[in-house]
Amino acid sequence: MMSDTPEVVKKVFAIFVVGILIIGFFMAFTQMPKGNAVNVNDTVSRFYIMKDVDQATQMLDKGTYFNKDMVPLRNDVPYTPITFGKSSNLEDGAANVVTSIVVDYRGFDTLGEVTVLFLAASGVMLVLHGEKRKVPKKKTAPSEIMYVGTRIAFSVILLFGIYVFIHGHLTPGGGFPGGAIIASGILGLFLGRQGYSPNKAGLTVFESLSGMAYVIIGITGLVAEKSFLANFLPTGTIGDLFSAGFIALIYIAIGMKVGSELSAVTNAMIVDTEED
Amino acid sequence: MITLFSTLLVILIVAGGFVAVFSKKLLSSVISMGLVSLGVSGLFFFLQAPDVAITEAAIGAGLSTAIFIIAMKKIQKGGTNDDE
Amino acid sequence: MIDFLQNWIYLTGAMALVGIGLYIVLTNTNIFRIIVGLNIIDSGTNLFIVTIAWHPKSVMPIYTATNNLVVNGHVISADPLPQSLVLTAIVIGLGTTALALAIAVKIYQKYGTLDVRKIKEEDK
Amino acid sequence: MKTYNLAALLVGVPLLMAFSIPLFGFISKQLTKWITILTLGFEFFFGLYIFLWHIYPFNVIMGNWVPPFGENLYIGPFATVLIMLVSFVGLMISIYNLWSANHGDVTHFALLFLMFIGGSIGLISTGDIFNIFIFMEITGISSYALAAYGPERRALGGAFKYLVISSIGSTLYLFGVLLIYTQLGTLNIAEIGARISQTTSGLLTFAGILLVAGLAVEAELFPFNGWVPDTYTGAVNPVSATLSGIGSVGGVYVLFRILMTVFGKDGNFVSTYGNIDLMTLVAILGATTVVIGELSALAQKNVKKMLAYSSMAQMGLVAIGFSIGSKLGSYAGVFQLINHSIAKAMMFLILGVIVSFGIGEHIEDMKGLWYKSPFLTITFTIGSLSLLGLPLFGGFWSKFALVDASIQRGGWYDFVIAIVLFASVVEAFYYLRVVGYMFTSKPSSVDKIKVSISPAVPIVAFSILIIAIGIFPQIVGGISWNAAHELTDKMGGYVLNVIPTIVGH
């Protein structure tokens, strides 16, 4: 970053800065809770795991959630045990608690996150914009085996990506890795065929429509449940494929959006642009 | 057992970081960055965060490195030369 | 004994990654290497966040038929909230990397070099 | 707790329109710019509606999960005034863009411009400390791409520098957020603010320093503002105007929201944890920024670079104003922020018009501008006089309030008077030098500059606003005072409006 200073000075300065930062961090770590870890029972995550936010809200409204010294009484919130495959109509039906936080309890963050990726893709296109476009020629054309192989692999990868984001509320994964998996499948197609290029207009339409779908799901919540990004569907039984309300819908939108976006980014990077 | 394995993994990622600092070739720097990401995603698995592990493996280690190498290919000298 | 040290080992690894990344960013003049440094900082940050959400006895935060997260009104899983924050941070890191690489490619097309010093000289 | 969930549209509508802009781009490139104008017009009138009908302060609850458990937007007087400011400046610049931004990929430019302002509005209104990080990244990523846009190649270097510094800054911010989370187990600003005195661990001091360091990048404070001159000079003029007039507003708002609402002690003006007083730290950073910015601006012969350094110095004055800590100081800070945002955006736009007629950015090139275009010269003069704080212009009142606040605070804050006087004198010198060049040396052959309607509208609107604020300071004075009241009254102004039952029974 610093351009004119001599090499040695720069290195000493860098070691100095890094040293100060790391010393600061280790001094901070010694003051962390026991074992350098957050105790889950002392954080709001406790309610997300117990799917108990409604109970806590009732206590908050009655004024018994905080004690006199403003300490939250998180362990006093009444709790109903959850059994996998049996409990139904919970306030949030996802078996994967991380998913329920990402999409439901802190859904607004995720809307912003989708936007960040969208803006990054748009920024790549703005920066790499050029008049002439040509697909680079490979020095050696890929063989027939490569061509057929990547196409077969693509269909399998596509299916796997869709599986990952549809089962986001049950298994690890979700919209973002699912979309990234699909995009890496499309990356494989670039390797397999001379002069391959996905339909750019199609990707744009896909991306826009899935993004709009996400915001419209949010606005539906505003209309139906009087709150932006609120769940307006029944939550079903925990562990079922058709459970967790709108989480699956949102993850499908996110998966399609991320997949098409990342494909568009790789496409913009691979295709050469020259300004004349 | 898992403790030993994850400790080795930590040592591996830190070593990968040092390779990224000191290697002369840009390409080996980028590959070791990908390895660091992969090692970190393995650690996430031991740290009971399978969601994060999958995402880091697919996005951080996979696509990020791929985009890096594509960008380096566009710059013809990228793979062979450094600091030019 | 080594169980007790686990968090420290991970935290040290995370801090080492952040330090290495920052060192790369501060000392290098090649734009691609600076982006490598930013990526390594990101990895270190993510490792830090996931580590503080975990302690040696915790289980993964997913309800399955065999994995119960609450025992006697006491949560035993890893903290899912920092994990969900890391998901966000990873995706944001990818966005930043892609944009930085696009700018780097454009810089190479316009200047014919990736060295920060030479770019500064040419601008004068 | 008053809730008004419909105001989620303040963030939802720009997002929806931004996602749909690529589809409109298939129809016509020019249409995308009109979409931007319409959306920002909606934002401005929504803000005006909240202000005039006095709906604020209220909460917007996301997903029916009430504040300490879910995410919320909190729109109080301070957020209201800044939402109106940001969307007004954005609306004006987007009208200017109709005429200006025609190079390259217009569709994605319009999209990123819209989301930069949408992200700033989100940044201003959010009530969650991690959500701030997301909106910082939204404004950040869109501004890196916008800064790299343009026919000139020097834009790329500036954009890259901004990207590197800003992403390190946001990483530091993220560390700070997580360190706070380990102590209090929550991410809600109101709950953290109320409970922060329960833990006096030195870890919080460190977290506070990390947060300040991360936010100082956007707020253009001293050790983290190395990107400002390069980025502002490299970017095309409407983008410089956006970054200076809108980007820094969000950064300063969040910085002082965190310093005063999260780290501030109730009823007391300073926030001391451990041995380090964060407010004093920021005051020192601000003073350093002013001195360095003004002296560098004085040394510049390039007008655009001069404006960039001057913008840095003005942000330093804003930071000093807030960090005095009293209600009057915050009032001065808000007022100065409004004046700076309007005047600096206008001057970058004027410079854009001048440059588009083949006149260079160098100070010598400004010679005889009065004979070519009296309109541009007069408006540029109005902006300069407001920035240096002449009576009858907007900037006078804010600098006056700044001096007044530092006298009332007393103690070693007296140095603020010296800083303000120093800044005014130096600013007077370098701005009047440019204005002087404009009026001197009539060129032999005068080719008149004819300014078309779409760049003229924002310039006229901004200069009318500056003069109106100068003559009737109560236009923004009243709401600035309310904003200052909210900012300094931590419990009554913020925490109890978000979580009313936090005091317990």
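Here are some questions and answers about this predicted model.

Q: Which residues have the most contacts inside the largest nonpolar core?
A: Let's start in the interior, where the largest nonpolar core has 365 residues. Those with the most contacts inside this core are V124(A), L99(C), I103(C) and A104(C).

Q: Which helix gives the largest share of this core?
A: The core has 365 residues, and one helix of chain C supplies 19 of them. That helix spans residues 80–111. The largest share therefore comes from helix α3 of chain C.

Q: Which residues does L99(C) touch, leaving out those up to four places away in sequence?
A: L99(C) is one of the residues with the most contacts inside the largest core. Its partners in chain A are A120(A), G123(A) and V124(A). In chain D, L99(C) touches I141(D), Y144(D), A145(D) and L163(D).

Q: Is α3(C) roughly parallel or roughly antiparallel to α5(D)?
A: Helix α5 of chain D covers residues 129–148, and its axis lies 11 Å from that of α3(C). The two helices pack at an angle of about 10 degrees. Angles under 35 degrees count as roughly parallel. So α3(C) and α5(D) are roughly parallel.

Q: How do the residues of the contact of α3(C) with α5(D) divide into nonpolar, polar and charged?
A: From α3(C), the contact includes L85(C), I92(C) and L99(C). From α5(D), it includes F130(D), E137(D) and Y144(D). The residues of this contact divide into 10 nonpolar, three polar and one charged.

Q: Which element gives the most to the side of chain D that touches chain C?
A: This contact takes 22 residues from chain D and 24 residues from chain C. On the chain D side, α5 and α6 (154–184) each supply at least two residues. With 14 residues, the element that gives the most is α6(D).

Q: Which element gives the largest share of the side of chain A that touches chain D?
A: Here 58 residues of chain A are in contact with 55 residues of chain D. The elements of chain A that give two or more residues include α1 (7–29), α5 (107–127) and α8 (200–225). The largest share is 15 residues, and it comes from α5(A).

Q: What distance separates the centres of domain 1 and domain 2 of chain A?
A: The domain assignment of chain A gives domain 1 as residues 1–31 and domain 2 as residues 41–80. Taken over C-alpha atoms, the centres of these two domains are separated by 42 Å.

How values were computed: Residues are numbered from 1 along each chain as its sequence is written. Chains are lettered from A and ligands numbered from 1 in the order in which they are written. This is a predicted model: local features need pLDDT of at least 70, side-chain atom pairs count only at pLDDT 80 or more; totals for chains, interfaces and linings use all residues. A nonpolar core is a set of buried Ala, Val, Leu, Ile, Met, Phe, Trp, Tyr and Cys residues joined through C-beta atoms within 7 Å. A residue is buried if 20 or more other C-beta atoms lie within 10 Å of its own, exposed if 12 or fewer, and partly exposed in between; C-beta atoms are placed from the backbone. Helices (H or I, at least four residues) and strands (E, at least two) are DSSP runs, numbered from the N terminus. Two residues are in contact if their C-beta atoms, placed from the backbone, lie within 7 Å. Axes are lines fitted to C-alpha atoms, for helices over the stretch in contact, and angles run from 0 to 180 degrees between N-to-C directions. Angles under 35 degrees count as roughly parallel, over 145 as roughly antiparallel, 65 to 115 as roughly perpendicular and the rest as oblique. Ala, Val, Leu, Ile, Met, Phe, Trp, Tyr, Cys and Pro count as nonpolar, Asp, Glu, Lys and Arg as charged, and the others, Gly among them, as polar. Domain bounds come from an automatic or database domain assignment.
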